[in-house]
Amino acid sequence: MILADKIIENRKKNGWSQEELADKLGVSRQSVSKWEGAQAIPDMKKILQMAELFGVTTDYLLKDEIEETALVEMQAAPDYVDEEEAPIRVSMEEANSFLNHNWKAASVISTGVMLCILSAAPLLILLGLAEGNGPLANAQYQVTAIGIAVILVMVACAVALFIMTSLKGKPYEYLENKKIDTDYGVSGMVKERKSKYASTHAKLLVPGIALCIISAIPLFMSMILQEWGKGLKDLPAIIGAALILVMIAVGVKMIVLTCIRQGGFEKLLEEGDYTRLNKRASKWDGIYWAIVVAIYLAWSFITMKWEMTWIVWPIAGVVFAAYKEIIKLVISSKKG
């Protein structure tokens, strides 16, 4: 337990608000708020005053209860222990630098994912216009060539975004697969920022999931309008398929954006997908997703049914969850 948490705990035990504690110490409420958010550290005079007010020793306030915390964590959630690997120390400056990088990287990566999903939409629309007596009738080979060129350009742009972000994130890769310890105040700062982001996380995650769920509606609408337009009988279905991709692309962008940002907090706190056990289990994740991408591209280009092949991603997500649990069970059994 760090000093910030001890101030909060003892203030609440005495039933004082931040303003009341500030009055007793002769400081502003903002000062108390910064102490409790681990954004600032009180001077020794104020620590002595607080020790007297709370009825505790200064040693209690100043000494982090490392042994007690470690014991509680081991009892609550047994984790793997790698005696050969010492935890990497993360400073406040490093933590802030990583969170700023992660915030920007989330926007770039989510945009790249959206481009990959949207890349097939132009091809579908062009093929629809080339059907029957459409405006581009008898030009199927040409529009197919143009559509594939657009796909390649959009995917190339997405890959460039992924590579650029990956290179910039190299200094922080250890947060995903190494044990870490944080300097004084880092955990408090990260917890506060995570708490402030919680409402935004929900506002992006829920609509993103909803968009993916309702994305099939345009296809149903196109079936109703199948007879719309003489000579363009298949156009509504093509447009419906394109709209599905657009809705999924927007929904997935929102999900990826907020999950990466949320994941940044969890990496520094070693929570969620980034507990020490999960880090150990993530060793082969890159290979798994590389195989998924290969299956998606191979199926799409061989069949040219881009309106259907997107189903690879939700299936891969479900299988991935099961795969992760199996890996963790194997690691736990080996450590046991």
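Thr57, at 48% relative accessibility, counts as partly exposed in this predicted model. This residue sits in the loop that links H4 and H5. Ile47 lies ten residues away from Thr57 along the chain, and the two C-alpha atoms are separated by 9.6 Å.

## Overall composition and confidence

The chain contains 17 helices and two strands. Of its 336 residues, 36% count as buried. The exposed area of the chain is about 18900 Å², of which carbon and sulfur atoms supply 65%. Among contacts between residues at least 6 apart in sequence, 77% join residues at least 24 apart.

The mean pLDDT of the chain is 80, and 80% of the residues score at least 70. Among the elements, helix H7 (residues 92-118) has the highest mean pLDDT, 92, and helix H6 (residues 66-76) the lowest, 44. Over residues 65-84 the pLDDT stays under 50, and for this stretch the model has 15 contacts beyond four places in sequence.

## The N-terminal helices

Helix H1 spans residues 3-13, and its buried residues are Leu3, Ala4, Lys6, Ile7, Asn10 and Arg11. Viewed down the axis of H1, these buried residues fall within an arc of 165°, so they line one face of the helix. Lys12 and Lys13, on the other side of H1, are exposed. The cover over the buried residues of H1 includes helix H2 (18-25), helix H3 (29-36), helix H4 (44-54) and helix H5 (58-62). Gly15, just after H1, has a positive phi of about 70°.

In H2, the buried residues are Gln18, Leu21, Ala22 and Leu25. Their arc around the axis is only 100°, which puts them on the same side of H2. These buried residues pack against H1, H3 and H4. Just after H2 comes Gly26, with a positive phi of about 75°.

## Nonpolar cores

The largest nonpolar core has 19 residues, and those with the most contacts inside it are Val90, Ala95, Phe98, Leu99, Leu175, Val190 and Leu268. At least two residues of this core come from each of H7, helix H10 (174-177), helix H11 (186-214) and helix H13 (235-269). A second, separate core of 14 residues includes Ile117, Ala121, Ala249 and Val252.

Which residues does Ala95 contact, leaving aside its neighbours within four places in sequence? They are Val90, Val186, Met189 and Leu268.

## Loop residues and cysteines

Glu270 is found in the loop between H13 and helix H14 (276-281). Its phi is near 55°, a positive value in a residue other than glycine. Glu270 counts as buried because its relative accessibility is 17%, and the cut-off for a buried residue is under 20%.

Met304 lies in the loop between helix H15 (285-303) and helix H16 (306-309). Not counting residues up to four places away in sequence, Met304 touches Leu123, Ile148 and Trp299. Of these partners, Ile148 is 156 residues from Met304 in sequence, while the C-alpha to C-alpha distance between them is 9.7 Å.

The structure holds zero disulfides. Cys157 is in no disulfide, and the nearest cysteine sulfur, that of Cys116, is 10.0 Å away. That distance can be set against the cut-off for a disulfide, a pair of cysteine sulfur atoms within 2.5 Å.

The table gives relative accessible areas for some of the residues discussed here, together with Cys259.

| Residue | Relative accessible area | Class |
|---|---|---|
| Thr57 | 48% | partly exposed |
| Cys157 | 39% | partly exposed |
| Cys259 | 38% | partly exposed |
| Met304 | 26% | partly exposed |
| Glu270 | 17% | buried |

How values were computed. Residues are numbered from 1 along each chain as its sequence is written. This is a predicted model: local features need pLDDT of at least 70, side-chain atom pairs count only at pLDDT 80 or more; totals for chains, interfaces and linings use all residues. Side-chain values use heavy atoms; hydrogens and water are left out. pLDDT is the predictor's confidence in each residue, from 0 to 100. Helices (H or I, at least four residues) and strands (E, at least two) are DSSP runs, numbered from the N terminus. Contact means heavy atoms within 4.5 Å. Buried means under 20% relative accessible area, exposed over 50%, partly exposed in between (1.4 Å probe, protein chains only). The arc is that of the directions from the helix axis to the C-beta atoms. Accessible areas come from the Shrake-Rupley method with a 1.4 Å probe; for residues, only the protein chains shown count as cover. A nonpolar core is a set of buried Ala, Val, Leu, Ile, Met, Phe, Trp, Tyr and Cys residues joined through side-chain atoms within 4.5 Å.
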